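Got the viewer open and a hand on the mouse? Let's take a walk through this one, a stop at a time.

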Amino acid sequence: MAMRLGVIVPRLFVIVVVALLATATITFAADTRGGPAVPAAAQLTSKQVLLVPDVRGQAYVFAKSTLEESGFAWRVSGSVQGYSSNLVSGQSPAPGSRVYDTGAPAIALNLKVNSRYPQAGTPENASPFAGTAVRLVGVVAPKAKPKVKVKPKVKAKPKVKVKPKMKAKPVVKPKPKARPHAAPKPKPKAKPRPARPAAFNVPGAKAEPLDEISLPNRARRLDAWVSSHRSPTNANVSYWLYQHSWLVTGAHLGWWHGAQALELLIQVDRKVQRVWGIGARSERLARAALADVRRRSR
């Protein structure tokens, strides 16, 4: 009996230990399978959200470092270039915005010139690495509307205009043209007789100017003028010689009543000799001209 107990007791101990181990294994497996699982999408979402830092008022050189350390790219927007000393006057998105980490969301910066420091060096208007799209948290990107295919308009065929038939024009026989009556030939007009017909013709001679007084009237006026000028001044003598030459020359050219004018001029020359004491030679010229005019007038 004592020997059976010594053999049975160790066997029972082994069986108990094996049973305990099996129970623990089953309990661990059940605990592992029955616990709540953390969804992968939630873990990714918490890691992909970035907070946009506030870089307004900072020098551009410091704002670049701040953005790069926060996981952002940048680009300069506006007319002011990206010199290191310029100041950040605005940014987009606004400070404190929560965006998804798309790789390196690009922040747009507006700069203004820093009056304290010159714009030296080469401007850097973008980050040295490529920026990615900015997606704000809570803002659902609108789905792109499917493009509606526009059916091409079918051009209507142009209507063919039917030309109306032209009515045949009646044949009109041309009327016989009336023979024009011969216009009567105008009778040659008689040439008007000149107001001062020439005493004789001198080839190439100048015609008598009709806007001047006639030779006889000029001789009569000279006679009256000498009677009123009793003194042989230079002016008086020059005037008498000029009128004397006009009368003699006009008579030689055959002007109207030249002989009558020379007869009157000879009387004036005699008066000049009595009043002024000169004029004998002028009288001889007038007599010779009178003889020539009378000869040509025959």
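Which side chain does the side chain of T102 make a polar contact with? Select T102 and look for T132: the two side chains make a polar contact at 2.8 Å. Keep in mind as you click that this is a predicted model.

**Stop 1: around T102**

Stay on T102 for a moment. You're in the loop between β4 (98-100) and β5 (106-112). Now show whatever is in contact with T102, skipping the neighbours within four places in sequence: you should get T132, A133 and R135. Try R135 next. Along the chain, R135 and T102 are 33 residues apart, yet their C-alpha atoms are separated by 7.6 Å. Is T102 buried, exposed or something in between? Its relative accessible area is 30%, so T102 counts as partly exposed.

**Stop 2: zoom out**

Switch to a cartoon view of the whole protein. There are seven helices and five strands to find. Starting at the N terminus, the elements run α-α-β-α-β-β-β-β-α-α-α-α. The protein has 298 residues, and 25% of them count as buried. If you turn on a surface, you're looking at about 23400 Å² of exposed area, with carbon and sulfur atoms supplying 61% of it. And how much of the contact list links residues far along the chain? Among contacts with a separation of 6 or more, 75% are between residues 24 or more positions apart.

**Stop 3: the sheet**

Select β2, β5 and β3. These three strands form an open sheet in the order β2-β5-β3, with mixed pairing. Which strands stand at the edges? They are β2 (73-76) and β3 (87-92): each has a single partner strand, so one side of each is left without a neighbour in the sheet. Turn the sheet to look along it, and you can follow a twist that averages 35 degrees from one strand to the next.

Now take the pairings separately. β2 and β5 run parallel and are joined by four bridges. On the other side, β3 and β5 pair in the antiparallel sense over five bridges. Click L109 in β5 to see both pairings meet: L109 is the bridge partner of V76, and L109 is also the bridge partner of Q91. For one more bridge, pick G90, whose partner in β5 is N110.

How covered is β5? Mostly: five of its seven residues are buried. Add helix α3 (residues 60-69) to your selection, and you'll see this helix packed on the sheet, touching β2, β3 and β5. The direction of α3 makes about 150 degrees with that of β2.

**Stop 4: helix α4**

Jump to residues 215-228, which make up helix α4. Here's a quick check you can do with the distance tool. At 1.5 Å a residue, the 14 residues of α4 should span 20 Å, and the end C-alpha atoms are 20 Å apart, which agrees. Next, colour the buried residues of α4: L215, P216, R218, A219, L222, W225 and V226. What do they pack against? Show α5 (234-252) and α6 (258-275), and you have the answer.

**Stop 5: helix α5 and H244**

Move on to α5. This helix has 19 residues and reaches 27 Å from its first C-alpha to its last, close to the 27 Å expected at 1.5 Å a residue. Its buried residues include N236, V237, W240 and Q243. The cover over the buried residues of α5 includes α4, α6 and α7 (280-296).

Pick out H244, which is found in this helix, α5. With a relative accessible area of 4%, H244 is buried. Leave out residues up to four places away in sequence, and H244 touches L265, D269, S282 and A286. Before leaving, click G254, which follows α5 and has a positive phi, near 85 degrees.

**Last stop: K271**

Finish in helix α6, where you'll find K271. Buried or exposed? K271 is buried, with a relative accessible area of 17%; the cut-off for buried is under 20%. Not counting residues up to four places away in sequence, K271 touches D223, V226 and S227. V226 should ring a bell: you coloured it as one of the buried residues of α4.

Conventions
Residues numbered from 1 in each chain as written. Predicted model: local features only at pLDDT ≥ 70, side-chain atom pairs only at ≥ 80, totals over all residues. Heavy atoms only, no water. Helix = DSSP H or I, 4+ residues; strand = E, 2+ residues; numbered from the N terminus. Buried < 20%, exposed > 50% of the residue type's maximum accessible area, 1.4 Å probe, protein only. Contact = heavy atoms within 4.5 Å. Areas by Shrake-Rupley, 256 points an atom, 1.4 Å probe, with all protein chains shown as cover. Polar contact = N/O pair within 3.5 Å; in protein donor to acceptor, adjacent residues only side chain to side chain. Pairing = 2+ DSSP bridges. Axes fitted to C-alpha atoms, helices over the stretch in contact; angles between N-to-C directions. Expected span 1.5 Å × (residues − 1).
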